[in-house]
Amino acid sequence: MTTDALAESNAPYFGAELDEGSLVPADEDLGKAGFEDWLARS
């Protein structure tokens, strides 16, 4: 038995409609720290 998954671009997330940037931080430096930098700061 298989189940087909359907993508729905306007599906609500906990009742709210999201756009492309809703669930990502608004940090302009996003992704610039490497693992060594992150480890040194933690």
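What share of the 42 residues in the protein chain is buried?

**View 1. The whole chain, as a predicted model.** Buried residues come to 0% of the 42 residues in the protein chain. That's the backdrop for the other views, and remember that we're looking at a predicted model throughout. As for secondary structure, the chain has 1 helix and 0 strands. Its accessible surface adds up to about 4,600 Å², and carbon and sulfur atoms own 53% of that.

**View 2. A nonpolar patch on the surface.** Here Tyr 13, Phe 14, Leu 18 and Leu 23 make a nonpolar surface patch of about 500 Å². Three of the players are worth placing along the chain. Tyr 13 sits in the segment before α1, Phe 14 is found in the segment before α1, and Leu 23 also belongs to the segment before α1, a helix that covers 35–41. Look at Leu 23 for a moment: with a relative accessible area of 58%, this side chain counts as exposed.

**View 3. Tyr 13 and the residues it touches.** Set aside the neighbours within four places in sequence, and Tyr 13 is in contact with Leu 18 and Leu 23. Both leucines are also members of the nonpolar surface patch, along with Tyr 13 itself. Tyr 13 has a relative accessible area of 44%, so it counts as partly exposed; the cut-off for exposed is over 50%.

**View 4. Tyr 13 against Phe 14, ring on ring.** The structure holds 2 aromatic pairs. Tyr 13 and Phe 14 make an edge-to-face pair, with 5.0 Å centre to centre and 90° between the planes. Phe 14 is exposed, at a relative accessible area of 79%.

**View 5. The backbone at Phe 14.** What is the sign of phi at Phe 14? Phi is positive here, near 50°, in a residue other than glycine. For background, most residues other than glycine have a negative phi.

**View 6. Phe 35 and Trp 38 in the helix.** Now move along to α1, where Phe 35 and Trp 38 both lie, 3 residues apart, or about one turn of the helix. How are the two rings set against each other, and how far apart are their centres? The centres are 5.7 Å apart and the planes meet at 35°, so this pair is tilted. Edge-to-face would have needed planes over 60 degrees apart. Buried or exposed, these two? Both Phe 35 and Trp 38 are exposed.

Key: Residues are numbered from 1 along each chain as its sequence is written. This is a predicted model: local features need pLDDT of at least 70, side-chain atom pairs count only at pLDDT 80 or more; totals for chains, interfaces and linings use all residues. Side-chain values use heavy atoms; hydrogens and water are left out. Patches are made of residues with over 30% relative accessible area and no salt bridge: like charges are joined within 9 Å, nonpolar side chains (Val, Leu, Ile, Met, Phe, Trp, Tyr) within 5 Å. Accessible areas come from the Shrake-Rupley method with a 1.4 Å probe; for residues, only the protein chains shown count as cover. A salt bridge is a side-chain nitrogen of Lys or Arg within 4 Å of a carboxyl oxygen of Asp or Glu. Helices (H or I, at least four residues) and strands (E, at least two) are DSSP runs, numbered from the N terminus. Buried means under 20% relative accessible area, exposed over 50%, partly exposed in between (1.4 Å probe, protein chains only). Rings of Phe, Tyr and Trp (its six-membered ring) pair if their centres lie within 6.5 Å; planes under 30 degrees apart count as stacked, over 60 as edge-to-face and the rest as tilted. Contact means heavy atoms within 4.5 Å.
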